[in-house]
Amino acid sequence: MRGKRYIAVLRGSIMEGLSFRASTFLRIAGNLVYLIIIYFLWKAIFDSSPADTVNGMNFYDTMIYLVLAAAMFNFMDTFVVYHIGDDYQTGQIVLYLTKPIEYQPFLLFSRLGNCVISFFVTFMPTFIIVYFVTKGSIVLGANLFFFVVSILLAIGVNYCIDFFVGTICFYTQSVWGVNIMKEVVVSLLSGATIPLAFFPETFRKIVEVLPFWTIYHMPLHILTDETMQLSDYMTSLGIQLFWLIVMLGISRLFWRVSVRGLTVNGG
Amino acid sequence: MEQMIKMTDINKEFKILNRHEGIKGSIQDLFSRDYQILKAVDGVTMDIMPGEMVGYLGPNGAGKSTTIKMMTGVLEPTSGEIFVNGRVPYENRTRNAQDIGVVFGQRSQLWWALPVIESFRILKEIYQISDRDFKENLEYYDALVGASELYHKPVRQMSLGQRTLCDILAAFLHNPGIVFMDEPTIGLDVSMKSKIRELVGTLNKEKGTTIILTTHDMGDVDALCKRIVIIDKGRMIYDNDIEHLRSFFGAYRTIRIQFDRHAQALDGEVLKQQAMEAEEWLRLKFPNAKSLAVSMEDNWIQILINEDEVHMMNVVNCIQEKRQIADMNLQEISTESVIRKIYEGGIV
């Protein structure tokens, strides 16, 4: 019956998300501007290269990857760090700690509403447009199913990392710097801004033993690489699952330790 | 009857970094291990019975919030024993949370963008409230304050008063044994304040809920609480009936005097002169009356006395000998002025 509590929270967060229409439309607009910028940036990169493909990816591959990465970023970025920091600084967190719920899943589900909405208003349209514009460069089949599973795992890993970073606010008393650092590290090491194929060999080796690449690189790889076999899918999902469990454990442990030493501000 | 809250010799200490001045100091602070121990709560012992309504008072920074946080299980005491409903709150935070409700006047637990009823439904799931209890409570609230008019209004469109009202209702929704209220009437207008007080009083009586009320508004205390607990600098300095408070801290009274029938017409300077004269006579005659104080308000000369030190009639006689008193009245000291005295360190 525990799960029912969080379903109610999710329901509330979807309704709340839907009530902010203007904000949703602004996000779509912001996303468009970003897409235009990366289009011209990468066009310049490919134009200045003698070959059609750079690091095994042609212009279309790169664009598909980056456009979808941007769309994913839009619905995966749930401002969790910001919310934890805000709850901490304003003392609002007391209200959650005096409820028979756990803060970690509560926050996840109260932010997940936005994920669900953004998935339908930004990711889906972007995906459909990309699919038709590139005239079938994306092959649809079993990969779609694995992609959905992979995205769910990616949301989990991303959330645990965010939650861990958010908890650091308990020690730094401020969110901003911590959040900026996290955004930079995650967007670079996850392959959200530059495809991992463009990384130097040694650097990529390092990235592949870190958890971040399971957030953007893996789901997108599953979606766009038609050469993948069942065993490849399973390996990817396995690595994601592994990191999900590890990050979940670490973030929960860190949270429990931090809450014990908590001194709530204000009052 | 079993105590609702039992606290025995509770202490809470915080470690605070000693900060240095200037940019150089700030950089030093980044690596400093120079901590100072702050005793936020110092040896507090109290028992609260089921159904009691206790006013928990103290100046800003006295340790009230810290105590409340320990009762709700958010903070763990440094030492001492605490039981809420027979449980140690910080060890069973989630279980304890099921039996308590919390209202913070300056914060809201309602979902800002949603109609109140949706927040209530989420709370229903969170606290696992049965359909029957939920329905009964909604009907009860409607009968009590006509709450159904508000159910479908988004919280962000509510006035502060309406929001506070709904926050209080939300805290009682799962029929908790005990509700903590932190300044529930803060920032409200006079009529809303009295409405909130009436609601809280009724909920306490009809549901038998224990309520711990933290406030700076003595109107709340006078209207609601039989018993008050005062804490200052982490120490408990008073725990008794509110009636008892006034006599406990001395028999304070205010005598108000006018020397002229037409005091209204007098200008401030003359009145001030008269007040100073009166103070001089009294100080001369009663050198031991330390709490004696003379002030002015609306053309009245006010004399605050402690009847343990000097009897009221003696003061009046002393003045009467020197100058004819035209008009006079006597005021019992209000809870507010006693509390103010305590906070300012005048008594104790």
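The following exercises, each with a worked solution, concern a predicted model.

**Exercise 1. Chain B as a whole**

Task: State how many helices and strands chain B has, and what share of its residues counts as buried.

Solution. Begin with the secondary structure: chain B contains 12 helices and 13 strands. Next, consider the extent of the chain, whose C-alpha trace spans about 75 × 55 × 50 Å along its principal axes. Then turn to burial: 35% of the 348 residues of chain B count as buried. Finally, examine the contacts in chain B with a separation of 6 or more; residues 24 or more positions apart account for 72% of them.

**Exercise 2. An open sheet in chain B**

Task: Determine the order in which the 3 strands of the open sheet in chain B are arranged, and identify the edge strands.

Solution. Step one gives the order, which is E2-E1-E4, with antiparallel pairing. Step two identifies the edges: strand E2 (35–48) and strand E4 (79–84) of chain B each pair on one side only. Step three describes the pairing of strand E1 (residues 5–17) of chain B with E2(B), which is antiparallel over 10 bridges. Within this pair, Lys12(B) has Val41(B) as its bridge partner, and Lys6(B) stands opposite Asp47(B). Step four takes the pairing of E1(B) with E4(B), where 5 bridges join the antiparallel strands. Here Ile5(B) stands opposite Val84(B). As a last step, consider the twist: neighbouring strands of this sheet are turned by 30° against each other on average, direction ignored.

**Exercise 3. The surroundings of Gly161(B)**

Task: Decide which exposure class applies to Gly161(B), and list its contacts beyond the neighbours within four places in sequence.

Solution. First, locate the residue: Gly161(B) belongs to helix H6 (residues 160–172) of chain B. Second, apply the neighbour count. A residue is buried at 20 or more C-beta neighbours within 10 Å and exposed at 12 or fewer; Gly161(B) has 17 inside 10 Å and therefore counts as partly exposed. Third, leave aside the neighbours within four places in sequence; Gly161(B) is then in contact with Leu188(B), Asp189(B) and Met192(B). Fourth, compare sequence and space for one further pair: Gly161(B) and Lys193(B) are separated by 32 residues in sequence, and their C-alpha atoms lie 8.2 Å apart.

**Exercise 4. Two packed helices in chain A**

Task: Classify the crossing of helix H2 (residues 21–47) and helix H6 (residues 103–133) of chain A.

Solution. Two packed helices are described by the angle between their axes and the distance between the axes. For this pair, the axes come within 10 Å and cross at roughly 50°. An angle from 65 to 115 degrees would count as roughly perpendicular and one under 35 degrees as roughly parallel; H2(A) and H6(A) are therefore oblique to each other. The crossing of H2(A) and H6(A) is right-handed. The contact is formed by Thr24(A), Arg27(A), Ile28(A) and Asn31(A) of H2(A), together with Ile117(A), Ser118(A), Val121(A) and Thr122(A) of H6(A). Sorted by class, the contact of H2(A) with H6(A) has 3 nonpolar, 4 polar and 1 charged residues.

**Exercise 5. The contact between chains A and B**

Task: Find which element of chain A gives the most residues to the side that touches chain B.

Solution. The contact takes 23 residues from chain A and 26 residues from chain B. On the side of chain A, the elements giving two or more residues are helix H1 (2–18) and helix H5 (93–97). Of these, H1(A) gives the most, with 7 residues. By class, the residues on this side of chain A are 11 nonpolar, 7 polar and 5 charged.

Terms used
Residues numbered from 1 in each chain as written. Chains lettered and ligands numbered in written order. Predicted model: local features only at pLDDT ≥ 70, side-chain atom pairs only at ≥ 80, totals over all residues. Helix = DSSP H or I, 4+ residues; strand = E, 2+ residues; numbered from the N terminus. Contact = placed C-beta atoms within 7 Å. Axes fitted to C-alpha atoms, helices over the stretch in contact; angles between N-to-C directions. Parallel < 35°, antiparallel > 145°, perpendicular 65-115°, else oblique. Left-handed = near helix turned anticlockwise from the far one by under 90°. Nonpolar A, V, L, I, M, F, W, Y, C, P; charged D, E, K, R; others polar. Pairing = 2+ DSSP bridges.
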